[in-house]
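Please work through the following exercises with the sequence and the model at hand. Each task is followed by a worked solution.

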Amino acid sequence: SAYEYLGWVYVHSGQFNKAADTFSIALKLKPGFPSAIEGLGTTYARMGDHARALSYFDSYLSRYPDTERVRSRRGWTRMYSGDYAGSSEDFIHLLSHARQPFVRQDALRGRGWSRYYQGNFEDALKDFEAALPLIPASAKSGLQDTHRGRAFCLLGLKRDNEVLPLIDQAY
C-alpha cells in the first residue's frame, strides 16, 4: 500500500513519529498487514522504545516465524533492551536456518555481542571470528563492529597483548 511505502521512506529518513503514524494508518486500513507490523516494530526499535518494538516483532513472528529480517531485528532489539538470553535464542534460530552469508554474519555478530554481555568472552570471540570472513570488505561498519567485539572479548579474557593490532581495524 502507499501508506506502507511512505512509512518506510519515513523510517529511512529518520522521521520516526511520521513513520509510526503512517504504519498505524496502514494497519487500521488493513489489519494484520505484515509490512506495517514490521514497520512499527522497526520504527519503535529505532526510537529506543524496545518494549513496543518487541510487541510488534513478536506479533509478526507468531505468524511468520522464519522471516530472517524480522528475527534479526528482534534479536538486536532484545539485546539492546538487556534480554541477552532471548537475543541469543533469536540468533541461534537464525544460524540454524540462514543460508545467506549476510544473514549468517549478522547472526554471529549478534550472538557474539549477546554472549559478550553475558560474560562468555571465549564463545563470543569465536562468534566474532566466524563472522569475519562472511562480511564483505565494503561493509565497513560491520567489520569495525566485529573487530571491536573481538578486542573487547580479548580484554575480557585478559589477553591484552592481542588487542593492539585490532585497534586500527576497529577504529
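The exercises below treat the fold, three helix pairs, one loop residue, and the empty spaces of the model.

The model is predicted, so local features need pLDDT of at least 70, side-chain atom pairs count only at pLDDT 80 or more, and totals for chains, interfaces and linings use all residues. Residues are numbered from 1 along each chain as its sequence is written, and side-chain values use heavy atoms, with hydrogens and water left out.

**Exercise 1. Overall fold**

Task: State how many helices and strands the chain holds, and give its extent.

Solution. Begin with the assignment: helices (H or I, at least four residues) and strands (E, at least two) are DSSP runs, numbered from the N terminus. The chain has ten helices and zero strands. In sequence order the pattern is α-α-α-α-α-α-α-α-α-α. Finally, the C-alpha trace spans about 60 × 30 × 30 Å along its principal axes.

**Exercise 2. The pair α3 and α4**

Task: Determine how α3 and α4 are oriented and which residues join them.

Solution. Axes are lines fitted to C-alpha atoms, for helices over the stretch in contact, and angles run from 0 to 180 degrees between N-to-C directions. Helix α3 covers residues 34-47 and helix α4 residues 50-63; they pack at an angle of about 155°, their axes being 7 Å apart. Angles under 35 degrees count as roughly parallel, over 145 as roughly antiparallel, 65 to 115 as roughly perpendicular and the rest as oblique. The two helices α3 and α4 are therefore roughly antiparallel.

The next step is handedness: a crossing is left-handed if the near helix is turned anticlockwise from the far one by less than a right angle, and right-handed if clockwise. The crossing of α3 with α4 is left-handed. For the contact (heavy atoms within 4.5 Å), α3 contributes P34, I37, E38, L40, G41, T42, Y44 and A45, while α4 contributes H50, R52, A53, Y56, F57, S59, Y60 and R63. Sorted by class, the contact of α3 with α4 holds nine nonpolar, four polar and three charged residues. In this sorting, Ala, Val, Leu, Ile, Met, Phe, Trp, Tyr, Cys and Pro count as nonpolar, Asp, Glu, Lys and Arg as charged, and the others, Gly among them, as polar.

**Exercise 3. The pair α3 and α5**

Task: Are α3 and α5 roughly parallel or antiparallel, and which residues make the contact?

Solution. The axes of α3 and α5 come within 11 Å and cross at roughly 25°. The helices α3 and α5 are therefore roughly parallel. Their crossing is left-handed. E38, T42 and A45 of α3 meet R69, V70, R73 and T77 of α5. This contact of α3 with α5 comprises two nonpolar, two polar and three charged residues.

**Exercise 4. The pair α6 and α7**

Task: Repeat the analysis for α6 and α7.

Solution. The axes of α6 and α7 come within 9 Å, crossing at roughly 155°. It follows that α6 and α7 are roughly antiparallel. The crossing of α6 and α7 is left-handed. On the α6 side the contact uses Y84, S87, S88, F91, I92, L94 and L95; on the α7 side it uses V103, R104, D106, A107, L108, G110, R111, S114 and Y117. The class count for α6 with α7 is nine nonpolar, four polar and three charged residues.

**Exercise 5. A loop residue**

Task: Locate L132 and list what it touches.

Solution. L132 sits in the loop between α8 (121-131) and α9 (140-156). Leaving aside residues up to four places away in sequence, L132 touches L143, T146, H147 and R150. L132 and L108 are 24 residues apart in sequence, and their C-alpha atoms are 9.3 Å apart in space.

**Exercise 6. Pocket and cavity**

Task: Describe the largest pocket and the largest cavity by volume and lining.

Solution. On a 1 Å grid over the protein atoms alone, a cavity is a set of points where a 1.4 Å probe fits but cannot get out, and a pocket is an open set with protein on both sides within 12 Å along at least five of seven lines; lining residues have an atom within 4 Å of a point. Grid points are joined across faces, edges and corners, and a volume is the space filled by probe spheres set on the points.

Take the pocket first. The largest pocket holds about 360 Å³ of space. Its lining has 15 residues, with T42, R46, S72, R73 and W76 nearest the centre. At least two lining residues come from each of α3, α4, α5 and α7 (101-117), and α5 gives the most, seven. The pocket lining divides into six nonpolar, four polar and five charged residues.

Turn next to the cavity. The structure holds one cavity of 30 Å³ or more, and the largest cavity contains about 40 Å³ of space. Its lining consists of P65, D66, T67, E68, R71, H93, L94 and H97. Both α5 (68-80) and α6 (84-97) supply at least two of these residues, and α6 provides the largest share, three. The cavity lining has two nonpolar, three polar and three charged residues.
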